[in-house]
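Visitor: Please pick one part of this model and walk me through it closely. I would like to hear how its pieces fit together.

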Amino acid sequence: MGSERITLLSKRELEKMRQAGQLAAQLLDHLGKMVKPGISTLELDQEAERWTQEHGATSAPLGYHGYPKSICTSVNEVVCHGIPNGKQILQDGDIINIDVTPILDGYHGDTSRTFFVGTPSPTAKKLVEVTEECLHRGIAAVQPGGRIGDIGAAIQEYAEGHGFSVVRDFVGHGINRVFHTAPQVPHYGTKGKGKRLRPGMVFTIEPMINEGTWEAEVQEDGWTALTKDRKLSAQFEHTLAVTQDGVEILTRLE
Ligand code: MF3
Ligand code: CO
Ligand code: CO
C-alpha cells in the first residue's frame with residue numbers, strides 16, 4: 001500500500017507537531033462545549049475559524065482540494081467529511097463528529113471526536129463508546145518494531161466483536177507539514193502485516209465504525225460520505241508519534 005517514503009521527524013519537528021496537536025485538542029474541546037440542540041453546524045464552523053485565527057493558526061481543511069469550510073461536521077449517518085451548513089440544526093438524540101485540523105507554524109494537528117446532542121439512543125451510545133475504545137486499542141497496538149497491520153487488527157477485532165463494522169474507504173494517514181502523506185493506516189487488517197513502525201513516524205488513527213454495513217457512498221457534493229444503509233456511523237481521531245519505547249498522543253488535551 002503506497003511506495004512513498006515515510007518521513008521520520010526530528011526532535012525539533014516533533015516539538016512543532018506537539019504544539020499544533022495541543023492547539024487542535026484545545027479547539028476540539030472548545031467546540032465540543034458548544035454542541036447542544038438548536039445550534040447549526042455552520043455556527044460551529046464559524047467559531048472554529050474565529051478561534052483558530054485568534055490563536056495564530058489557519059484551518060487546513062479550508063480550500064483543501066476545494067473543501068469549502070474550516071472543519072468537518074458529520075452527523076448521524078454521515079461517515080466523514082460532512083460540510084457545515086446553516087440549515088443543519090442539531091437535534092436531541094443526534095450524534096456529531098467534529099474534525100479539526102489547525103496548521104500552526106507550518107505543522108498540522110488533526111483530531112476528532114463524536115459528541116452526543118442531548119440524550120442518545122442506546123444504540124448510538126453503544127456505537128460511540130465502542131468507537132472511542134477502538135481508537136484507544138489502535139493506539140495501544142503502536143510500538144516501535146511493530147507493524148501498521150497491528151493497529152487495524154486491534155480495531156477490527158473489537159468493533160466486529162460488538163457487531164459493528166469498520167469503514168474501508170477512509171484510512172489514517174501520515175501527517176507533518178503535509179496534511180495527508182504516507183503511511184496509510186487502515187482500521188482493519190492483520191497483525192504482523194504492513195510497514196514497520198519506527199521512532200519518529202507521525203500519523204493519525206481515525207476509525208470510522210458503522211452500526212450496519214461498512215460500505216460508504218460519497219454524495220453529489222463530492223465530499224459528504226454516508227453509510228450505504230443510512231444507519232449510524234461514529235469516529236474518533238488522534239495524531240500520534242511513534243517513540244523509542246511506545247507512542248505519544250500529540251492531540252491529547254493536556
Ligand atoms: N480531517 C480529515 C482527516 O482526518 C480530513 C478532512 S479533509 C477535508 O483526515 F478537506 F475534508 F477537510
Ligand atoms: Co481529521
Ligand atoms: Co486525519
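**A close look at a cobalt site**

Guide: Gladly! The cobalt ion (ligand 2) has as its protein donors Asp 99 (OD), Asp 99 (OD), Asp 110 (OD) and Glu 237 (OE), at 2.0 to 2.3 Å (donors are N, O and S atoms within 2.8 Å of the metal, or 3.2 Å for Na, K and Ca; water is not among the atoms, so sites may look incomplete). This is a predicted model, where local features need pLDDT of at least 70 and side-chain atom pairs pLDDT 80 or more, while totals for chains, interfaces and linings use all residues. Residues are numbered from 1 along each chain as written, chains are lettered from A and ligands numbered from 1 in written order, and side-chain values use heavy atoms, without hydrogens and water.

Around the cobalt ion (ligand 2), the 6 donor atoms make angles of 59 to 166 degrees, an irregular site (six donors are octahedral if opposite ones are over 155 degrees apart and all others between 65 and 115; four are tetrahedral if all angles lie between 85 and 135 degrees, or square planar by the octahedral rule; anything else is irregular). The donor residues follow the spacing D-x10-D-x126-E in sequence. Asp 110 also bridges to the cobalt ion (ligand 3), with 3.4 Å between the two ions. Distant parts of the chain are linked here: Asp 99 sits in strand E4 (residues 95-100), and Glu 237, 138 residues apart from it, in the loop between strand E15 (233-235) and strand E16 (238-242). Strands (E, at least two residues) and helices (H or I, at least four) are DSSP runs, numbered from the N terminus.

Elsewhere, Val 130, Glu 133, Cys 134, Arg 137 and Gly 138 of helix H3 meet Ile 151, Ala 154, Ile 155, Tyr 158 and Ala 159 of H4 (heavy atoms within 4.5 Å).
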